[in-house]
Structures are given as structure tokens and as C-alpha cells.
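Dear colleague,

Please find below the structure that I am handing over to you, together with its sequence. My findings follow directly after it.

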Amino acid sequence: MSYAVKECFLTLQGEGVQSGARAVFLRFAGCNLWSGREQDRATAQCNFCDTDFAGTDGEGGGKFASAEELTAHVEAIWGHGRDRRLVVITGGEPMLQLDEALVDALHGCGFRVAVETNGTLPAVGGLDWICVSPKAGTEIVQRQGDELKLVWPQAGIDPTELEGWGFDHFLVQPMDCAEREQALDAAVKLAMDRPKWRLTLQAHKVVGLP
Ligand code: SF4
């Protein structure tokens, strides 16, 4: 198995329960809900994406021939020590490429392996942290994990229908869009109205990290 990686870099996790943790972000190229081309955005299944996941030309990106080769790359980016090694695998949609061979290789180097997925594909086995971010109008097959992160507001999603899914944490994150203030108000309102939901903000953007 080879892997196409858009970018791979060291940062602080900015979202969700693990916000603030040092992590290598491994962003796979490609998504099953949008091509990544602006001309396709209006007709895409997911049309509010704030991420460039097309190609392999980002910082630390490239094509990797094996799980071992990609793991060595992640390890080099982590840089020092084996304590609390964390890799967050995202995209695009990571489940298009992530397999057990890569999870095993990363575990072998002492990494905890977290994923951020749109939930339309089943998660591979052996993961340490599963974050699902559902998109309106899609069929979510991954309905259990550690954290459900709802980008809000999204027409076509009723948060009360998600509350029975098998997650430990239910997070609402204001959509990063032109109507930022209204999105923040809507996210705050959801967390205030329904205590199952906790507000999460994109802390990495506040502190100027990628
Ligand atoms: S599912 Fe995620 S990566 Fe894919 S287009 Fe939507 S926000 Fe972007």
C-alpha cells in the first residue's frame, strides 16, 4: 500500500477534547465528499470545507511507498522523545487510505493514533481516538467513537437525532464562514440549550498555528 499525503507537520491540536496537545498532523490527499476544486464546491456533498487537501505538494507532503516509510517521516517530524507521541490523521477523508498496517507501524513507534473523519466510511481497527464530523445529507456509518464534532449550523442536521450515537463527547464547533458571528451565536445557543453538547473553538487559528 502506498499513501498520498497532502501535508504533514508538527502543531498543537486546536479542536475538540484533545485541544492543546502537541501532535503531528498527517493530512491525506483526497476526499469522497468534494474534489477540492473550487468550481465543484457548489455541487459537492460537502461545501463548507476550509481545508486544502488536493495533491501532495504541502509542507511535509509527498507519496510514501509503505507504512514504514510514512511512519519514519512522522517520527522525524515529531522530533524528540517518545513521551506522549500523538499523530492526528486527517484529510480530506483519512479512511480512503488509512489501513491497519499504518496504524500498527505508528503504534510500533509509540504513537497514539487519532483520526478525524467524516464518518461515511467505517473506521479501521486499532485506533486510539476516533473523531467523527458529520456532514448534512451524507450517510454516516461510523456512529461510535470518542468524539462527535458537529460543525454548526448545518441545514439538514438535527442535533437531537445524533445524541443517541455511541460517542463519549459531543462537541459543537462554529462553522468558519463569512457569517462567523452568527455561526458562533448558533453554536453557543446549542450548547446552552442542550447540555450534552460542549462548545469547541479552533484554538490553533487563534494562536496562529497551521
Ligand atoms: S468531508 Fe471534510 S475534508 Fe471532505 S470536503 Fe468536507 S470538510 Fe473537507
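Gly92 sits in the loop that runs between β4 and α2. The peptide bond leading into this residue from Gly91 is cis, and its omega is near 10 degrees. Please note that this is a predicted model. A second cis peptide bond joins Trp152 to Pro153, with omega near 5 degrees. Pro153 belongs to the loop between β7 (144-152) and α3 (159-162). Such bonds deserve a note, as most peptide bonds are trans.

Two residues should be mentioned for their backbone phi angles. Arg84, which is not a glycine, has a positive phi of about 55 degrees. Most residues other than glycine have a negative phi. Arg84 is placed in the loop between α1 and β4, and its relative accessibility of 70% makes it count as exposed, the cut-off for exposed being over 50%. Gly110, just after α2, also has a positive phi, of about 85 degrees.

Helix α2 itself covers residues 100-108, and its buried residues are Leu102, Val103, Ala105 and Leu106. Viewed down the axis of α2, these buried residues lie within an arc of 165 degrees, and therefore they line one face of the helix. Which elements do the buried residues of α2 pack against? Their partners are the strands β1 (3-12), β2 (22-28), β4 (86-90) and β5 (112-117), together with the helix α1 (67-78).

As to the chain as a whole, it contains five helices and nine strands. Their order from the N terminus is β-β-β-α-β-α-β-β-β-α-β-α-β-α. The radius of gyration is 17 Å, close to the 17 Å that the globule rule gives for 210 residues, so the chain is as compact as a globular protein of that length. Along the principal axes, the C-alpha atoms fill a box of roughly 45 × 40 × 35 Å.

Of the 210 residues, 48% count as buried. Among the contacts with a separation of 6 or more, 57% are made by residues 24 or more positions apart. The accessible surface of the chain amounts to about 9,900 Å², and carbon and sulfur atoms contribute 51% of it. Finally, the chain carries 19 positive and 30 negative side chains, and the centres of these two sets are 3 Å apart.

With kind regards

Methods:
Residues numbered from 1 in each chain as written. Predicted model: local features only at pLDDT ≥ 70, side-chain atom pairs only at ≥ 80, totals over all residues. Heavy atoms only, no water. Helix = DSSP H or I, 4+ residues; strand = E, 2+ residues; numbered from the N terminus. Rg over C-alpha atoms; globule rule 2.2 N^0.38 Å. Buried < 20%, exposed > 50% of the residue type's maximum accessible area, 1.4 Å probe, protein only. Contact = heavy atoms within 4.5 Å. Areas by Shrake-Rupley, 256 points an atom, 1.4 Å probe, with all protein chains shown as cover. Lys, Arg positive; Asp, Glu negative; His and termini not counted. Charge placed at Lys NZ, Arg CZ, Asp CG, Glu CD. Arc of directions from axis to C-beta.
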